Amino acid sequence: MDDLERLADEIADADTVVALTGAGISAPSGVPTFRGDDGVWARFDEGQFTYGRFQRDPAGFWRDRLELYETMFGDGFEPNPAHEALAALARDGHLEAILTQNTDGLHARAAETVADGDENASNQSGAELLELHGNAHRVRCVQCGRRKPNEPILERVRDGDVPPRCECGGVFKPDVVLFGEQLSPATLPRSRSLARESGVFLAIGSSLFVEPAASLPRQAAQTGGTVGIVNLEETERDRDASVVVRGDVVDLLPRLQGLVVDDEH
Ligand code: NAD
């Protein structure tokens with residue numbers, strides 16, 4: 001039995017399976033990762049996208065943010081077979097929750113795609129989705145908290161209306177967690193309790209470098225969960241894993257999902 005088959009067996013037998021995903025799951029959709037040779041930090045200065053910069057210089061921040069957003073998401077992008085494999089596991093009751101570091105909204109879109117293709121799907125998603133770092137396709141007013149889709153706001157930034165302001169006069173901020181900013185208060189405890197409850201905890205396409213992702217696999221392992229890491233390369237937390245599978249998510253996750261389905265029969 002190879003490592004992927006072992007992982008599939010554990011998933012089929014587990015009461016609670018939780019997946020944590022990072023930028024690597026969306027790389028095959030054409031969304032660049034942050035780090036690495038092709039990562040956006042090879043082209044942009046990471047220091048310009050901090051919460052401190054946003055507070056000091058919101059107009060300059062928004063001009064740079066527009067360029068970053070267009071580089072990351074500008075070409076249009078779709079969920080790939082790895083997102084769809086997780087959505088299928090969730091639809092079939094094998095995945096309790098997806099915790100994602102990604103802000104691209106692709107897990108929610110994959111859940112819709114998979115449900116659309118299945119006339120018997122009673123549940124649109126099947127899994128709880130926690131977007132740990134928010135959603136880049138929305139903005140939020142720092143004063144009144146109102147959320148809006150970001151495209152009309154980006155259009156205003158393109159026209160030189162910076163920083164974009166809400167009807168209440170407050171400045172809009174991308175609805176994402178910037179460097180130096182706290183995660184939303186409810187997100188962290190929920191992620192930790194899901195990690196601790198999990199019989200299988202999968203960490204997929206994440207370097208596991210940034211908190212809280214960095215500590216979640218260890219928390220899952222400490223409470224007896226099987227930790228499976230799926231990544232092209234070595235990660236910071238491979239030592240916490242029971243199973244490490246190296247390879248491309250678009251190859252591995254559909255195979256993993258197929259093996260779980262086979263295990264059922
Ligand atoms: P990262 O850029 O640090 O690491 C990406 C990881 O994915 C690497 O370990 C790499 O080996 C792996 N990877 C790349 N392509 C892969 C593939 N095809 N198959 C398997 N593995 C692959 O990203 P991160 O650890 O997710 O975290 C950094 C931060 O980046 C997060 O806070 C997140 O908010 C942000 N981010 C999000 C997006 C997005 O929304 N799609 C994109 C870039 C960065």
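Let's start with helix α7, which covers residues 151-158 and lies across β4, β5 and β6 at about 75° to β5. In this predicted model, those three strands form an open sheet of their own, in the order β5-β4-β6 and with antiparallel pairing. The edges are taken by β5 (147-149) and β6, each with a single partner strand, so one side of each has no neighbour in the sheet. On average, and ignoring direction, neighbouring strands here are turned by 40° against each other. If you would like to check the register, look between β4 (residues 134-141) and β5: three bridges join this antiparallel pair, and V139 stands opposite K148 in β5.

Follow the chain out of α7 and you come to a loop that leads to β6 (172-176) and holds P163. The peptide bond from V162 to P163 is cis, with omega near -10°. A second cis bond runs from E211 to P212, with omega near 5°; P212 sits in the loop between β7 and α9 (216-222). That loop has another backbone feature to look at, for L208 also lies between β7 and α9. L208 has a positive phi of about 55° although it is not a glycine. As background, most residues other than glycine have a negative phi, and most peptide bonds are trans. Is L208 buried or exposed? L208 is buried, with a relative accessible area of 1%.

Now turn to the other sheet. Six strands make up this open sheet, in the order β3-β2-β1-β7-β8-β9, and their pairing is parallel. Here β3 (128-131) and β9 are the edge strands, and each has a single partner, so one side of each is left without a neighbour in the sheet. From one strand to the next, the twist averages 15°. A good place to look inside the sheet is the parallel pair of β1 (residues 17-21) and β2 (residues 97-100), which four bridges join. Within this pair, A19 stands opposite I98 in β2.

Which strands do the helices on this sheet touch? Helix α1 packs on the sheet through β1, β7, β8 and β9, and its direction makes about 130° with that of β9. Helix α8 (residues 187-197) also packs on the sheet, touching β1, β2, β3 and β7, with its direction at about 130° to that of β3.

Our last stop is α10 (residues 249-264). This helix has 16 residues and reaches 22 Å from its first C-alpha to its last, close to the 22 Å expected at 1.5 Å a residue. At the N-terminal end, D248 acts as the cap: a side-chain oxygen lies 3.0 Å from the backbone nitrogen of V250. Which residues of α10 are buried? They are V249, L252, L253, L256, Q257 and V260. Looking down the axis of α10, you will find these buried residues within an arc of 130°, so they line one face of the helix. The spacing is easy to follow: an α-helix has 3.6 residues a turn, so residues three or four places apart point the same way. The partners of the buried residues of α10 include the helices α1 (3-13), α2 (23-26) and α5 (81-91). They also pack against the strands β7 (200-204), β8 (226-231) and β9 (243-246), which brings us back to the six-stranded sheet, where β7, β8 and β9 follow one another in the strand order.

Key: Residues numbered from 1 in each chain as written. Predicted model: local features only at pLDDT ≥ 70, side-chain atom pairs only at ≥ 80, totals over all residues. Heavy atoms only, no water. Helix = DSSP H or I, 4+ residues; strand = E, 2+ residues; numbered from the N terminus. Expected span 1.5 Å × (residues − 1). Buried < 20%, exposed > 50% of the residue type's maximum accessible area, 1.4 Å probe, protein only. Arc of directions from axis to C-beta. Contact = heavy atoms within 4.5 Å. Polar contact = N/O pair within 3.5 Å; in protein donor to acceptor, adjacent residues only side chain to side chain. Pairing = 2+ DSSP bridges. Axes fitted to C-alpha atoms, helices over the stretch in contact; angles between N-to-C directions.
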